[in-house]
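Good morning, and thank you for making time for this presentation. Please look at the sequence and the model as they come up, and I shall then go through the structure in order.

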Amino acid sequence: MPRAEFEDAVRDALDEVPPELTALMDNVVVLVEDHAPADDPTLLGLYEGIPLTERTSFYAAGSLPDRITIYRLPTLEICETRDDVVEEVAITVVHEIAHHFGIDDDRLHELGWD
């Protein structure tokens with residue numbers, strides 16, 4: 001899948017997030033990168049920042065945006081079809097947004113978002 005089409009899948013996944021949740025997201029950017037970090041080359045997505053549940057008044061004093069990065073090539077590697085890619089991107093986007101809201105991997109696993 002070409003990068004532009006993958007970016008469209010990420011954009012579509014973001015559009016599926018309920019507006020009540022996106023309205024609560026604060027100072028976060030969603031990016032697409034081809035390669036995952038060298039120390040975890042199979043990673044599909046990564047949240048970097050301070051979750052909303054951990055922010056203090058100091059956060060508002062000029063913090064850079066939190067980052068959600070979706071990794072294209074690792075995602076394509078585990079998917080067989082375009083539909084698989086779209087589904088995996090949607091799952092990954094929700095997973096990383098959950099981290100922005102302070103939900104950890106254990107809780108996501110309990111909720112069925114592995």
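Let me begin with what covers helix H4. The buried residues of H4 are covered by elements that include helix H1 (3-16), strand S1 (28-33), strand S2 (45-48), strand S3 (66-71), helix H3 (72-78) and helix H5 (105-110). I should say at once that this is a predicted model. The residues of H4 that are buried are Val85, Glu88, Val89, Thr92, Val93, His95, Glu96, Ile97, Ala98, His99 and His100.

As for its geometry, H4 comprises residues 82-100, 19 residues in all. From first C-alpha to last, H4 reaches 27 Å, close to the 27 Å expected at 1.5 Å a residue. After the helix comes Gly102, with a positive phi near 90 degrees.

One residue of H4 deserves a separate word, namely His99. His99 has a relative accessible area of 15%, and because the cut-off for buried is under 20%, His99 counts as buried. A polar atom of the His99 side chain lies 2.8 Å from the backbone oxygen of Ile103. Setting aside residues up to four places away in sequence, His99 touches Tyr47, Pro51, Asp104, Asp105 and Leu108.

I turn now to the nonpolar core. Which residues of the largest core touch the most other members? They are Phe6, Val10, Ile70, Val85, Val89, Val93 and Ile97, out of 17 residues in that core. The elements giving two or more residues to this core are H1, S3 and H4. Phe6 shows how such a residue is surrounded: beyond its neighbours within four places in sequence, Phe6 is in contact with Met1, Val32, Ile70, Tyr71, Arg72, Thr75, Leu76, Val85 and Val89. Two of these contacts, Val85 and Val89, also appear among the buried residues of H4.

Next, strand S3, where Thr69 is located. Is Thr69 buried or exposed? Thr69 is buried, with a relative accessible area of 1%. Apart from residues up to four places away in sequence, Thr69 touches Leu31, Glu33, Leu44, Gly45, Leu46 and Glu48.

Glu48 brings us to the charged pairs, since Glu48 also takes part in a salt bridge with Arg67. As general background, side chains of opposite charge can pair when their charged atoms come close. The structure holds nine salt bridges, and I shall describe three.

In the bridge between Arg67 and Glu48, the closest N and O atoms are 3.6 Å apart. This pair links distant parts of the chain, with Arg67 in strand S3 and Glu48 in strand S2, 19 residues apart. Both partners are partly exposed: Arg67 has a relative accessible area of 34%, and Glu48 stands at 38% relative accessibility.

The second bridge joins Arg72 to Asp34, with 2.7 Å between the closest N and O atoms. Here too the pair links distant parts of the chain: Arg72 is in helix H3, Asp34 is in the loop between S1 and S2, and 38 residues separate them. Arg72 counts as buried at 12% relative accessibility, whereas Asp34, at 23%, counts as partly exposed. These two residues belong to a network of salt bridges that links Arg3, Glu7, Asp34 and Arg72.

The third bridge lies within a helix. The side chains of Asp8 and Arg11 meet at 2.7 Å, N to O. Both residues lie in helix H1, three residues apart, about one turn of the helix. An α-helix has 3.6 residues a turn, so residues three or four places apart point the same way. Asp8, at 35% relative accessibility, counts as partly exposed, and Arg11, at 46%, does as well.

Let me close with the protein as a whole. Its secondary structure comes to five helices and three strands, and from the N terminus on the elements run α-α-β-β-β-α-α-α. The radius of gyration is 14 Å, close to the 13 Å given by the globule rule for 114 residues, so the protein is as compact as a globular protein of that length. Along its principal axes, the C-alpha trace spans about 45 × 30 × 25 Å. Buried residues make up 32% of the 114 residues. Finally, of the contacts with a separation of 6 or more, 73% are between residues 24 or more positions apart.

How values were computed
Residues are numbered from 1 along each chain as its sequence is written. This is a predicted model: local features need pLDDT of at least 70, side-chain atom pairs count only at pLDDT 80 or more; totals for chains, interfaces and linings use all residues. Side-chain values use heavy atoms; hydrogens and water are left out. Helices (H or I, at least four residues) and strands (E, at least two) are DSSP runs, numbered from the N terminus. The expected span of a helix is 1.5 Å times one less than its number of residues. Buried means under 20% relative accessible area, exposed over 50%, partly exposed in between (1.4 Å probe, protein chains only). Contact means heavy atoms within 4.5 Å. A salt bridge is a side-chain nitrogen of Lys or Arg within 4 Å of a carboxyl oxygen of Asp or Glu. A polar contact is a pair of N or O atoms within 3.5 Å; within protein, one must be able to donate a hydrogen and the other to accept it, and residues adjacent in sequence count only if both atoms are side-chain atoms. A nonpolar core is a set of buried Ala, Val, Leu, Ile, Met, Phe, Trp, Tyr and Cys residues joined through side-chain atoms within 4.5 Å. The radius of gyration is taken over C-alpha atoms; the globule rule is 2.2 Å times the number of residues to the power 0.38.
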